[in-house]
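Walk me through this protein and its two bound ligands. Start with the overall fold and end with single residues.

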Amino acid sequence: MVKMNAVHFGAGNIGRGLIGEVLHDSHFYIQFLDTDPQIIKQLRDDRSYEIRYLDRQLSTKTIDNVSAINSATDREHALRALADADIITTSVGANNLEKIAALLHDGMLSLCHNSRRVNVLANENMINASSSLREHIYDLSEPEERRLFDQHFSFVDTAIDRQSLSCVVEGKKVAVVEPYFEWVISNNQIPTDTPYRIQGASYVDDMTPFIERKLFIVNASHAAFAYTGALFHYETVQQAISDTDINTAVRSFLMENFQYFVNQYSWAEEEMLEFIKQTLNRHGNPQIADEIKRVGRSPLRKLDQHDRLVCPVLKLEQLGLKNEMGKRMIAAAYLYENSQDPEAVVLQKEIQRYGYASTICKRSNIAEPLAREIAGLCFALKKNAQLLFKNGEIR
Ligand SMILES: NC(=O)c1ccc[n+]([C@@H]2O[C@H](COP(=O)([O-])OP(=O)(O)OC[C@H]3O[C@@H](n4cnc5c(N)ncnc54)[C@H](O)[C@@H]3O)[C@@H](O)[C@H]2O)c1
Ligand SMILES: O=P(O)(O)OC[C@@H](O)[C@@H](O)[C@H](O)[C@H](O)CO
């Protein structure tokens, strides 16, 4: 029973491993738009793909009623797909939202001929990704186009959570996922006459606490394991987690962020503690080998003032709450080296040229006294990574 058309930008790990599955189960036909010729060919040839769940039985599921278009080389077909869309979704990576804006702008113009309103859901690890995508599109639009877009489109912020990886079986990419998932959708931004509900998603009136919980608990601890794990030359997050000292350090980092949620949102302590426990269990899932180079990817993005490491530290600072471990985690991130990761290369070049304090001020928009303090932590941890585990402040 396929009733509606979804156009999804990004047939990567989470695109196939979560968004594709949930939209399929909500009776959408899915056109993936991507730029990777290999996955496009696979989806076009098979019109379906496999998901493997990391449950006891290693069960599998086939997602059918899908196809794919190369949005870089086949603009015409991509625009045709957009013109028929009932919903538009993305999971291309936060840094790529700007790159899909021009195509979406043109696709949205052709969609305006339809009477129905279309929701656009950008599913990326960032605060208000859909609102940010809207800004990129509106930056390219004339005032009259913006008025039309306001009438025809709703940009709906979301938070998505699932450990979603891939493996290759007989030359085909298979999505490998934990059974758990969360897709939180901003109810206030969804028009009341939307003719579908996304099955399995949670609709909430105030997105902010949920996207912050995703970033400041799930992704913050993930990044902390990755960057401290890299300091000790581990290759996967699971190896870092099984190091008792790192585990203890990341737990105390999370307990600082826990205080933020309790103070800022009066979040019930037991519920947040349970969420933290569940998150740490998920990160430590022995069936997953999640490489530090994936979890630590794009350190410049992760060190942005609005992202998982710096944002909670600044918020705790404003509230006058303890953030010592958070500062150490930021310092560990500034020490991250990976010659295969373009952002890590730029980061280390900038540090070599301008020093830690200036780079921290510039990249994380942190005021000078705090930036100098974190720079001091970078020097200390570079000399002796064991200081990460020292109680009290490092001087
Ligand atoms: N993998 C996860 O477990 C997970 C979980 C939650 C959130 N996320 C978020 O989802 C997003 C995607 O992550 P991922 O792990 O699936 O990454 P990925 O690299 O596996 O997939 C991204 C896909 O987007 C495609 N893409 C990139 N630029 C594009 C463009 N301009 N036009 C069309 N397609 C383009 C890539 O070719 C790739 O197939 C990120 O924002 C990530 O933070 C990932
Ligand atoms: O996708 P990133 O680069 O923002 O972060 C890396 C991981 O922390 C992330 O992909 C998690 O696995 C995911 O967010 C879990 O839901």
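## From fold to residues

Of the 395 residues in the protein chain, 44% are buried. This is a predicted model, and every value here was computed from it. The chain holds 16 helices and 13 strands. Its C-alpha trace spans about 65 × 50 × 45 Å along the principal axes. How does the radius of gyration compare with that of a compact globule? For 395 residues a compact globule would come near 21 Å, and the protein chain has 21 Å, so the two agree. Contacts reach far along the sequence. Among contacts with a separation of 6 or more, 70% join residues 24 or more positions apart.

Next, the division into domains. The protein chain splits into domain 1, residues 4–204, and domain 2, residues 208–389. Their C-alpha centres are 29 Å apart. Across the boundary, 14 residues of domain 1 are in contact with 14 residues of domain 2. On the domain 1 side, the touching residues comprise 8 nonpolar, 3 polar and 3 charged.

UniProt annotations offer another view of the chain. An unreviewed UniProt entry gives "domain: Mannitol dehydrogenase N-terminal" for residues 4–193. That span, 4–193, is 36% helix and 33% strand. The C-alpha atoms at its two ends are 15 Å apart. For residues 206–348 the unreviewed UniProt feature reads "domain: Mannitol dehydrogenase C-terminal". What is the make-up of residues 206–348 in helix and strand? The span is 71% helix and 0% strand. Its end C-alpha atoms lie 38 Å apart.

Now the ligands. Ligand 1 is surrounded by 27 residues, and the closest are G10, G12, N13, E124 and N125. Four elements give two or more residues each to this shell: helix 1 (13–25), strand 2 (28–34), helix 4 (97–111) and strand 9 (158–161). Helix 1 supplies the largest share, 3 residues. By class, the shell around ligand 1 has 9 nonpolar, 12 polar and 6 charged residues.

Which residues surround ligand 2? They are N125, D161, R162, Q163, V218, N219, H222, V295, R297 and S298. N125 is also one of the residues closest to ligand 1, so to speak a name to look for in both shells. The largest share around ligand 2, 3 residues, comes from helix 7, residues 208–231. Sorted by class, the ligand 2 shell has 2 nonpolar, 5 polar and 3 charged residues. Both domains take part: domain 1 and domain 2 each give at least three residues to the shell around ligand 2.Two backbone angles deserve a look. Most residues other than glycine have a negative phi. N65 is not a glycine, yet its phi is positive, about 60 degrees. N65 sits in the loop between strand 4 (60–64) and strand 5 (66–70). Is N65 buried or partly exposed? It has 15 other C-beta atoms within 10 Å, so N65 is partly exposed. S266 also has a positive phi, near 50 degrees, and is a residue other than glycine. The loop that holds S266 runs between helix 9 (244–265) and helix 10 (269–283). S266 is exposed, because 8 other C-beta atoms lie within 10 Å, and the cut-off for exposed is 12 or fewer.

Two more residues close the walk. S154 belongs to strand 8, residues 153–155. With 18 C-beta neighbours inside 10 Å, S154 is partly exposed; a buried residue would need 20 or more. Leaving out residues up to four places away in sequence, S154 touches R117, N119, Q189, I190 and P191. S154 and S130 are 24 residues apart in sequence, and their C-alpha atoms are 9.2 Å apart in space.

C112 lies in the loop between helix 4 and strand 7 (118–122). C112 has 15 other C-beta atoms within 10 Å and is therefore partly exposed. Its contacts, not counting residues up to four places away in sequence, are L148 and H152. C112 and I14 are 98 residues apart in sequence and 29 Å apart in space, C-alpha to C-alpha.

How values were computed
Residues numbered from 1 in each chain as written. Chains lettered and ligands numbered in written order. Predicted model: local features only at pLDDT ≥ 70, side-chain atom pairs only at ≥ 80, totals over all residues. Near = placed C-beta within 6 Å. Nonpolar A, V, L, I, M, F, W, Y, C, P; charged D, E, K, R; others polar. UniProt positions renumbered as here; feature names shortened; annotations may be inferred. Domains from an automatic or database assignment. Contact = placed C-beta atoms within 7 Å. Rg over C-alpha atoms; globule rule 2.2 N^0.38 Å.
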